[in-house]
Structure formats: structure tokens, C-alpha cells
Amino acid sequence: MKAIRCQTYGPPSNLKLEEIDSLHAGPKEVVVQVKACGLNFPDTLIIQGLYQFKPELPFTPGSDIAGVVKEIGEEVKHLKIGDEVFGFVAYGGLAEEVIVPGNACFPKPTQMDYPVAASFMMAYGTSYYALKDRAKLMEGETLLVMGASGGVGLAAVELGKLMGAKVIAAASTQDKLELCKAYGADELINYTTQDLKSTLKKITDGKGVDVIYDPVGSDFSEQALRAIAWNGRFLVVGFAAGTIPKIPLNLPLLKGASIVGVFWGGFAMKYPKENMGNTMTLMKWHAEGKLKPHIHKIVPLEDAKEALEEMMNRMVKGKMVVQI
């Protein structure tokens, strides 16, 4: 089978399209013939050796997948060969086949095409877990989404609005902010031309923001935290800017605020039943037309390297998908 392979840590240009051996399922695993793989910002980090964990070289990146079940381990009971599915893996998705843990592989709704299904789990799973389970976002609260036009950011905007929050979207360009507005954002901040802290204070009449969703990092994290409300929750989702902020710990003390880590992949593996419940809610909302992933572009497997370069260069709005 064909796969995009990372032989040495480095930029996407180091990746190679290679022929490797076909895969076989373990007792609790499923082999999926991949039809589409959604790219996520962590994919750009993992190939550089900058992510929370480093796969043994060589490896295949890619985590959000959709396809057809090819082989099933004997302990997997909820699927059969030929089923159309979607799911997530730590890595391995940018290939014609991937091994998926049985508890991370779900039947694909018939109304969902493969590119949409491959755009769903990482973005919406992360954002719903963050807002529902980690922030416990309440109707009427104010939610700030940093990097709001990206995959997880746009999902957070959409979910925050659906959950009854007033949503403030922050992004770096006007066209990105217009997309956020189309997805339900109530207020827009361009943090390259506006002062983030003072603008947030003005929007909230001095109260501050109840929940901050930050998948970006950088100096903007501290600026946002300085505009958090009493009893606010700052969600640490990721570091797309490439640097991990060093936060003065007097800030959460003075605001009675919480800094809360969001690692959806770890949650999904440790608590599969709870994650399944969240997934079923998200599937219901999608079926009702309340959630609609924004797909920036669909490219073939041989163009995956260029697609990852676009993602690293902040050129992608919503989801980039590789069709296989």
C-alpha cells in the first residue's frame, strides 16, 4: 500500500510517498481502507518531533480518517467488514490503510461523505470536550476563541454558539474573521490590528471573558488571560504559534480563575464510554444540520506535503482534507 512516510524529523518537504506492507488487525483493532484523512495542526508538529509524544521513526502522520473496514480483530463486535466508518488515530492516517483502535472507530452516518467524516472527530471532539467537560460552559456566558478560523477554532465557535454562549472570535485577518462570523461569532477581533486585552474589556463592559479557548499560544495568551472574568476558565488546547507561553501565576490568583488543560486524545482513550456519549451528541447535531465542517480544500495523497506546508503557513481556514 502507499503511505506518506516521515523518515527523519523536519518540515513537510522531508516526507516521502512510499510503498509499504499492508496492515493486519490485532484483537481489539480494525484495519480501515482510508478514503479521506483530515489534516490537523498537530500533524505539522509530530513530523518535526515537537508534539507531546514522538513516534518511532519511520512513521506515517495523519489522525482523522474515514473509510471502509477491511479487517476486524476478534474482540471488535460493533463493526463488520465493508462498513463505512470514521475514527481517529495518534498517527498513520495518510495512507491507503490504517489500524484504528476498535473503541476509536465509529459507523459513518450515511448522509456524511468521506471528506466531511474525516474533518469531524478531531476538531469537534476536541472542542466539545473542552467546552462541555473542561470549561463546563453555561448558556449566557462569554466565550473567546483564539485562532478562531482554524479547524478546532471554527468548531469551537460553532459549538459555543450552539451551547448558548456569546462568542468572540479572534483571528489574524479580516477574511478569516468573516468566516467566523458566518459560523455564528457575535463579536470579531483582529489581533494584528486591535489590542486584545482592551478590546475584550470593552466588549464585556469591563467584566472580562468567562471562558478562553486557546489553541494558539504565543504572547496573545497572556493578553487574553489578563482580560478573563472572575471565576473564568482558560483552556489550554495547543500551541499553533510554535511557542509555549510562560504565564505569570499571579494572574489566575487575582481573578480567581482556572487554567485548564485540554488533551482530547488522552480523554478519548482513557474514557471511551464518555467519549462515545459526546460523539453521539455531535452526530445528532450534525444530522440535524446544526454542525457543518468548513472544508478549505481537498487534495490527493501525493499533494499531502504541500497541504501540510499550507497549514504551517497559516493559510488554511477550517479543514484541509487528503482524499485517497
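The following exercises, each with a worked solution, concern the predicted model shown above.

Residues are numbered from 1 along each chain as its sequence is written, and side-chain values use heavy atoms, with hydrogens and water left out. Local features need pLDDT of at least 70 and side-chain atom pairs count only at pLDDT 80 or more, while totals for chains, interfaces and linings use all residues.

**Exercise 1. The open sheet**

Task: Determine the strand order of the open sheet of six strands and identify its edge strands.

Solution:
1. Strands (E, at least two residues) and helices (H or I, at least four) are DSSP runs, numbered from the N terminus. Two strands pair if DSSP finds at least two bridges between them.
2. With parallel pairing, the order of the six strands is S10-S9-S8-S11-S12-S13.
3. Strand S10 (187-190) and strand S13 (258-261) each pair on one side only, and are the edge strands.
4. Averaged over this sheet and with direction ignored, neighbouring strands are turned by 20° against each other.
5. Within the sheet, strand S11 (residues 209-214) runs parallel to strand S12 (residues 228-236), and five bridges join them. Isoleucine 212 stands opposite phenylalanine 234 in S12.

**Exercise 2. Helices on the strands**

Task: State which strands helix H3 touches, and establish how far H3 is enclosed.

Solution:
1. Contact means heavy atoms within 4.5 Å; axes are lines fitted to C-alpha atoms, for helices over the stretch in contact, and angles run from 0 to 180 degrees between N-to-C directions.
2. Helix H3 (residues 121-134) packs on the sheet and touches strand S8 (142-145), S11, S12 and S13. The direction of H3 makes about 150° with that of S11.
3. Buried means under 20% relative accessible area, exposed over 50%, and partly exposed in between (1.4 Å probe, protein chains only).
4. Because eleven of the 14 residues of H3 are buried, the helix is largely enclosed by the rest of the structure. Among the buried residues are Met121, Tyr124, Tyr128 and Leu131.
5. Just after H3, lysine 136 takes a positive phi of about 50°.
6. Another helix, H5 (residues 174-182), lies across strand S9 (166-171) and S10, at about 165° to S10.

**Exercise 3. Pocket and cavity**

Task: Describe the linings of the second largest pocket and of the largest cavity.

Solution:
1. On a 1 Å grid over the protein atoms alone, a cavity is a set of points where a 1.4 Å probe fits but cannot get out, and a pocket is an open set with protein on both sides within 12 Å along at least five of seven lines; lining residues have an atom within 4 Å of a point. Grid points are joined across faces, edges and corners, and a volume is the space filled by probe spheres set on the points.
2. The volume of the second largest pocket is about 280 Å³. Its lining has 17 residues, of which Leu23, Tyr91, Gly92, Val98 and Ile99 are the closest to the centre.
3. Strand S6 (residues 97-101) gives the most to this pocket lining, namely four residues.
4. Ala, Val, Leu, Ile, Met, Phe, Trp, Tyr, Cys and Pro count as nonpolar, Asp, Glu, Lys and Arg as charged, and the others, Gly among them, as polar. The pocket lining divides into eleven nonpolar, two polar and four charged residues.
5. A search of the whole structure finds one cavity of 30 Å³ or more. The largest cavity holds about 60 Å³ of space, and the closest to its centre of 13 lining residues are Gly151, Leu154, Ala155, Pro293 and His294.
6. H3 and helix H4 (151-162) are the elements that give two or more residues to the cavity lining, and H4 gives the most, with four.
7. By class, the cavity lining has six nonpolar, four polar and three charged residues.
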